Structures are given as structure tokens and as C-alpha cells.
Amino acid sequence: MALMTADEYRAKLDDGRVVYYKGEKIKNVAVDPNLKACVDTMAVDYEMAHDPKYKDLALVEDPELGELVSRYYHKPKTAEDLLKAHELIVTSTAIADGYIPLAHDIGSDALNAITITAHMMGNQDYIDRAENFRKYMKKDDIAACAAVTCVKGDRMLRPSDPGQIHPDYYVRVVDKNSQGIVVRGAKVHITGAAYCQEIIAVPCRQMVEADADYAVAFAIPPNTKGITQIVRPFRSSLSSIEFPNERPMRMHTDSLIVFDDVFIPWDRVFLCGEWKFAATMVYNFALLHRRTGCAYRVPMSEHLLGLGKAIADYNGITNAPHVREKLTDLVIYLETLKALSKAACYDFVMHGDMAVPNPVTTNIAKYHFAHNYHDVVKVIEDLAGGLLVTAPTYKDYVNPETRGFIDKYLSAKKGVSTEQRLRMFDLIRRMTSADLETICLHGEGSPIAERMTIWMEAGKVMNECKKIVEEMAGISES
Ligand SMILES: Cc1cc2nc3c(=O)[nH]c(=O)nc-3n(C[C@H](O)[C@H](O)[C@H](O)COP(=O)(O)OP(=O)(O)OC[C@H]3O[C@@H](n4cnc5c(N)ncnc54)[C@H](O)[C@@H]3O)c2cc1C
């Protein structure tokens, strides 16, 4: 196999996988009228690889295979490698109107976390399995998701705590033999799982010895016996009351994945019982994936600034002092994210033979985005005014009995048509939905997870700063 085209990717999805959507079993996700929008979003990665305009960014010459492979599967060694990957995420997300395509990015975050952890363990078997798996991913241009978050049950109880209602809230090993292991449990919110080719599962928390059966990482195709996915409802098209738009609908959906005694061959197992390394693996994944999160939020933040500026202009209020203040806040929000996410690449650290973005800066960038997101949405909603929720619909606009009134009374600034204003309200509603608010808050981990990592990683710098002031105060030892 070599690089796939978007159509080859789509064709491979008709493989008997078990996926439910709104109570119905989906026959083929690639052509299903709803899921197709998600598949087309993931396909953007494959389209870019064949587009002369983006090819150099999307692909790299792989020294091992001697052929072009997705840049995502290339191990970063330098700041430049990290910056190129950053640029690829930003560019592909911009092409997909604010949705990261997800074919290779999140899967490569999981793959890199597995590789780094195998090296930290010094376990040659795991190192070889991870390298072989990477070779297969590169060669066959595999689309993969990362299944990290377990359903967890009572959050305050450990996976193996007898107080949990049942023992399967975290994915665990229930059997093993000379061929492989059998896993049971469920992962939740797994983006792209219904339309990828590999599910890469890693633990979602630190474990103690009693949790050893839950310290498990593996990769498995979604059509494997025993895997059932239930995807959440989402909007796959514009509604009939919104202004029609020729642009393709971009979307992702997230799966509840049930592993009902699923067999995993040993060559696809990357952690099995080494409970001390469960935290290492999830830490590595979170760091790499938060970097991905910071990058794809750059175009998203540009869109938010664009919405604020556009609706302020359309309403004629841009030069009011409080509006200038608010738009300045949106600029600061965007530029801080851009600067931090790039700085994390320049100030990288080496984990084994791989360059990873600076942990403190990455977590601050992700925290900055998530923590301030709702304030940004508040600014846009404020500048838009109440018509955001009370404006007449497209159907009223095209009805000749009401159009004249709408055109006359809902225009605002000279030079901006009523239709332009109403279209912008439609877009703001779509781009500030509750779904997006939740993904911005919890995607790549809840804000407290970022703060905990910052605290953990900042010990050295805090002590260095303390030492400086102690010296200034004439304190030689503390
Ligand atoms: C749209 C979307 C897409 C996602 N995509 C993926 C994906 O592709 N792959 C993947 O693996 N995950 C994915 N996630 C999961 C994401 O990482 C989690 O949502 C996040 O880690 C929070 O976990 P949770 O949703 O289970 O919330 P919970 O863990 O239930 O958190 C709810 C609240 O409880 C707090 N809390 C939880 N446990 C404790 C505790 N022990 N002590 C104190 N406070 C606690 C949290 O801080 C938070 O405030 C996605 C999430 C969303 C919303």
C-alpha cells in the first residue's frame, strides 16, 4: 500500500463495523447521509496529500521506507519538525472551516505516546511492536483515532475499587493466552472512531498495583468482533430555516465504544499490566494532544475574532469605545494562543529520540484557550445583539409577503445588506453552539488537568526563581 486517495479512504470504511446512530445501525458510514459529513471532514487530510499546493506540507520523505508518508507519522526531532506539524494542523483545520480533519493527528499523538513510553520502560518487545506498528501506519496511510477516556463510573473511585458498581468502567484485560489478550470495557467521546481504520486505546489515568489489569494499551480495527460504537447526534446539514450555503458541511462525531470481550493479538498490545507506566502513557498522550489542540484552535480563534469584527461592522458599532475594547480582547486572545503554541515548539524538550513541545507552555496555551473561550463567546453574543436569537428565518426572508419588512427594518449600517447581516447571525449561532463550548472546555482534558500539569512541570522554574530572590535577600541556604 502507499498513500491513499480520499476515495480509497472512503471505500475502506465499508468493512462491516458496527455503528449505531440515533437508534439505527449504519450500513456504510462513508455513504450514510449523516455520517458522510464527518467522513468528508476526515478526508481533507487525504485530499491535501494529493494537492500540489499542500503536498510538501502534508508529506515527508521517509528514510525507512524511501517513500512519501504523512508528516504526522514522521518522528519529530527538531523545532522545525514541530513547527511544520503545527502549520499542517493549522492549515488543514482552516481548510475544513475550523474542524481538524483528524485522520492522522490524534492517532499519531497516541502512537508517539506509546513509543516514548516503551522507551522509558526500556522494554524492547514494546519498542519493537510500536516501531512495527508505526511502519504499518506510515506505509498504509492509516486513519486512526485515540481512545483514551474511559467511562470511569464513580470518578472518585479507582478502576479496581470494589465500591464501583461493576468492574468494567475502565477498559481492562479479562483474559490472555499465547496469542493475545481479551479486553472488556468502554471508552467514551472518541472522536472519529466511527470512520477511522484503527482505534488506538491507551489508559486514561494513573494506576496502582491493584489496577494492573486496567493498565492496557492496544490498537485494533473498528470492525473487530466484539466492538460496538454508538455515535452521538450531530448536525450534518443546515436546517431549512437557515440561509443555504454552498460550502461543504464540516463536522465530527464522537463514539461510545464498547469492547465486549475483544481479542487483541500480542503484536498490537503496547501495555499490559505495567501499572506504573499507565500515568506515563496518558501524560505523554495528553502533552502531545494538547499541542494538537492548541494548533487547531488557532483557526477557530481567528473565526471567533472574525465573527466579532464582522457583526460589529454590520451593526455600525466598531468605533464605540467599549466595542474597540472588546475587539482588542479578541485580538489578544488569538495572538496569545498563536504565540504560545509556536513558542512550545521552539522551546521543545527531547523524550528519547523524539522532540516534544514544551510541556508548561503547551498546557498554558491550551488552558488559555479553554479558560477564556466562554468570555470570547460572550463578547460576540454581546456585539451581535438580541437578533442573534430573535431574527426571522431564511423562510421568512424569501417569502415575498414578509421580505420587504425584513429588508427595511433589519438593515443597519449603510452598505451592508439585510441578507448579509442575517447570514452572519446564522453563522454565529452555529459557531457558538453548546457543543462547541463543551469541546473547547473538555477536549484534550478538562481545565484542571492542564493546571495540574503546569503545577507539576513548573517545580523547577519556581525553585529557580525562589533561589534568585533568596540570593537577593542575602539568604544563602533555605
Ligand atoms: C467533543 C469531545 C471530543 C472528545 N474527543 C476525545 C477523543 O477523541 N478521545 C478521547 O480519549 N477523549 C476525548 N474527549 C474526552 C475529553 O478528554 C474528556 O471529556 C475530558 O478528559 C473530561 O472527562 P469527562 O468528559 O469524562 O468528564 P469528567 O471526568 O466526568 O469531568 C467532569 C468534572 O469532574 C471533575 N473530576 C473528574 N474526576 C475527578 C476526580 N477524580 N477528582 C476531582 N474532580 C474530578 C473534572 O475536573 C470536571 O470538572 C472528548 C471530549 C469532548 C467533549
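Which polar backbone atom lies 2.8 Å from an oxygen atom of the ligand? I would like to begin there this morning, and before I answer I should say that what we are looking at is a predicted model. The atom in question belongs to Val148, whose backbone places a polar atom 2.8 Å from that ligand oxygen.

Val148 has company, of course. There are 17 residues around the ligand, and those that come nearest are Val148, Thr149, Arg155, His189 and Thr191. If you find His189 in the structure, you will see that a polar atom of its backbone is 2.8 Å from a nitrogen atom of the ligand. Further along the chain, at Gly445, a backbone N or O atom lies 3.5 Å from an oxygen atom of the ligand. As for how much of the ligand is covered, on its own it has 970 Å² of accessible area, and the protein covers 66% of that.

Where in the fold do these surrounding residues come from? The elements that give two or more residues to the shell are β5, at 144–147, β7, at 180–191, and α14, at 434–442. The largest share comes from β7, which supplies three residues. By type, the shell divides into eight nonpolar, six polar and three charged residues.

Let me stay with β7 for a moment, since that strand also takes us to the sheet. Six strands form an open sheet with mixed pairing, and if you read across it the order is β2-β1-β10-β11-β7-β6. At the edges are β2, residues 24–25, and β6, residues 172–176, each of which pairs on one side only. Strand β1, residues 19–21, runs antiparallel to β2 and is joined to it by two bridges, and within this pair Tyr21 stands opposite Glu24.

Finally, I would like to turn to the second largest pocket, which holds about 170 Å³ of space. Two elements give two or more residues to its lining, namely β13, at 349–351, and α9, at 359–384. Which of the elements gives the most to this lining? That is α9, with three residues. Among the residues that line the pocket you can look for Tyr283, Val349, His351, Pro359 and Glu457, and the lining as a whole divides into six nonpolar, three polar and one charged.

To close, let me return to the opening question and leave you with one contact to find for yourselves, the 2.8 Å approach between the backbone of Val148 and an oxygen atom of the ligand.

Terms used: Residues numbered from 1 in each chain as written. Predicted model: local features only at pLDDT ≥ 70, side-chain atom pairs only at ≥ 80, totals over all residues. Heavy atoms only, no water. Pairing = 2+ DSSP bridges. Helix = DSSP H or I, 4+ residues; strand = E, 2+ residues; numbered from the N terminus. 1 Å grid on protein atoms, 1.4 Å probe; cavity = no way out; pocket = protein on both sides within 12 Å on 5 of 7 lines; lining within 4 Å. Points joined across faces, edges and corners; volume = space filled by probe spheres on them. Nonpolar A, V, L, I, M, F, W, Y, C, P; charged D, E, K, R; others polar. Near = heavy atom within 4 Å. Polar contact = N/O pair within 3.5 Å; in protein donor to acceptor, adjacent residues only side chain to side chain. Areas by Shrake-Rupley, 256 points an atom, 1.4 Å probe, with all protein chains shown as cover.
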